[in-house]
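Student: Before we look at how the pieces pack, could you show me the chain that we shall be discussing?

Tutor: Here it is, and we can then take the helix packing as our starting point.

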Amino acid sequence: MDQTTALAGPGAISRHRIAENVDRTSSTYPPLNWWRGRLRNHESTLSFTASFCALNKLTLKDFENFFGYKVGKEGGLQQADFERIANLIREDIASVQALFIPSISIRLSSYCEVLSTDHVRYCRHCIALGYHSYLHELPWIQRCPIHLTTLDLVPTDRKGTTKAQMRAHTLAKLLQSNCQGWPLTDDGDMVMQQERENDYISLLQMWTDYARKAASSFSFITSWDNPSLPKELYDLGQLQWLEPMPSILDMLVKQSEVIWDVDIRHFSDEVKSELRRLSAGTPFWTIFDFYKRVTGYESVPPPYVLKMRQARSALREQHGVCQCFWGKELVSSTDRWISTGGWPHWNNRCPYQVVDKELELRWGARTNVLSSTRASKEIVDFVQSSYPLHYAGLIHHLEYANVPHPQFIFKRVPDVWPCSKWNYSSALTPLLQAAAEFEVDSAIVEISAWLEEIDPYTPPNDANLFNDMIRLVNQNEGLSLVRWIKKKRSK
Ligand SMILES: [Zn+2]
Ligand SMILES: [Zn+2]
């Protein structure tokens, strides 16, 4: 295909633009309809896609081929891609980078959130000027930061194969029908003028910068820790807790349904250096895991286990005779919730039974609630991975248990189970104990909220039920154990 023809502009005016903006001396450069500065501050990638396609009469497929990325997959672009794209459209790299990595964000990653992938949210005044910003689509924003108007939401039309393509089509249509002269209009520059004079945008920028900085310094320890375990946890409410938002922004920002509080416990430098020393060999989360796998079997259970067992009995009492709407099939491995249509239903485990088992599994005597096959697997797995902790002095294997060394593969299980004891004199014990208690506290709150919300019409969603709310924070002196506490905002 002749690229020059395919990318030719839509008419006389655009040709004028080409003449103005494209370096004709470069023979390898196709005459693109794009000019430096056409990318506007805080413009959405959706708007860039729609404008570029319209200016150059490209289909989305052409667009994707030309730029070498899929619409909607902008998150995967790297520095080298920004440079390449900047080169292609002759914009400076900083503007291109700002297009793909939005500067106003509450995420620590570069991921750009949108309220709904089945809709386009926009400001009608901005659209009338040929402008659309990612700010209009951030789930935590409720008004246009430039015009302060409430935002409109339109469902995407079905054109295109991916949701992102449908969104790009929908935005193009919106711009076309509401902005005379789009995509050639210069009115978008007017928005830029307003934007420069706009305090709201600079305040949003300032606040998100501070809040993200606070979040990363308040974040879990990553250097001597298993980075794959903890997730980005922060939502708007948590950031507002960390960094109070200027009240002038209240009207722009959607009030979150939950307010957060934190419970913090501090641990000394001694605990920190012991943790640092040990976690050089074994990450904190593994140590923590073993602490629970060993102490969960104690005949005199530690406080976190007692708390968990109390919660289990309370839930059993609350449950009474099962009248639950949903059950998980015991035999299936798909973990699907199915409507029970009246109990008893022999092959199902109802929500109460699910959490009852989970509680013991996470904070108690695991093998007591596992099937015999899984229990044997658990024991073998424990034995195989427990030696480093035994050598580190965190656990000790009971002499009479004859715990097989992983080298001796012919013997895989110890003579008795449980086969190890926790070393309570370790400096880490109070930290681990507190962390486990925090976890149980969080789980109890989450579980009761979850059970309360279950209705007969929607299958329960237990995917994030045991979301960890616990963070270990590195301080100048010592460590802090932080538990985020979710509270519903009182109406
Ligand atoms: Zn606006
Ligand atoms: Zn039930």
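Student: At what angle do helix α3 (residues 45-56) and helix α8 (residues 163-178) pack?

Tutor: This is a predicted model, and the geometry below should be read with that in mind. Two packed helices are described by the angle between their axes and the distance between the axes. For α3 and α8 the axes lie 9 Å apart, and the angle between them is about 70 degrees.

Student: Are α3 and α8 roughly parallel or roughly perpendicular to each other, and which residues of α8 meet α3?

Tutor: Angles of 65 to 115 degrees count as roughly perpendicular, and α3 and α8 therefore fall in that class, being roughly perpendicular to each other. The crossing in which α3 passes α8 is right-handed. On the α3 side the contact is formed by L46, S47, T49, A50, C53 and A54, and the residues of the contact divide into eight nonpolar, two polar and one charged. Those that α8 contributes are R167, A168, L171, A172 and L175.

Student: How are helix α14 (residues 303-319) and helix α15 (residues 351-363) arranged, roughly parallel or roughly antiparallel?

Tutor: The axes of α14 and α15 are 10 Å apart and make an angle of about 170 degrees. Angles over 145 degrees count as roughly antiparallel, and α14 and α15 are therefore roughly antiparallel.

Student: How many residues of the contact of α14 with α15 are charged?

Tutor: From α14 the contact takes Y304, V305, M308, A311, R312, L315, R316 and H319, and from α15 it takes Y352, V355, D356, L359, E360 and W363. Sorted by type, the residues of this contact comprise nine nonpolar and one polar, while the number that are charged is four.

Student: How far apart are the end C-alpha atoms of helix α18 (residues 429-453)?

Tutor: Helix α18 has 25 residues, and at 1.5 Å a residue it should span 36 Å. Its buried residues include L431, L432, F438 and I447. The expected span agrees with the separation of its end C-alpha atoms, which is 36 Å.

Student: Is E477 buried or exposed?

Tutor: E477 sits in the loop between β9 (470-474) and β10 (479-488), and its C-alpha atom is separated by 9.7 Å from that of E270, 207 residues apart along the chain. A residue counts as exposed if 12 or fewer other C-beta atoms lie within 10 Å of its own. E477 has 9 such atoms within 10 Å, and is therefore exposed.

Notes
Residues numbered from 1 in each chain as written. Chains lettered and ligands numbered in written order. Predicted model: local features only at pLDDT ≥ 70, side-chain atom pairs only at ≥ 80, totals over all residues. Helix = DSSP H or I, 4+ residues; strand = E, 2+ residues; numbered from the N terminus. Expected span 1.5 Å × (residues − 1). Buried ≥ 20, exposed ≤ 12 C-beta atoms within 10 Å, placed from the backbone. Axes fitted to C-alpha atoms, helices over the stretch in contact; angles between N-to-C directions. Parallel < 35°, antiparallel > 145°, perpendicular 65-115°, else oblique. Left-handed = near helix turned anticlockwise from the far one by under 90°. Contact = placed C-beta atoms within 7 Å. Nonpolar A, V, L, I, M, F, W, Y, C, P; charged D, E, K, R; others polar.
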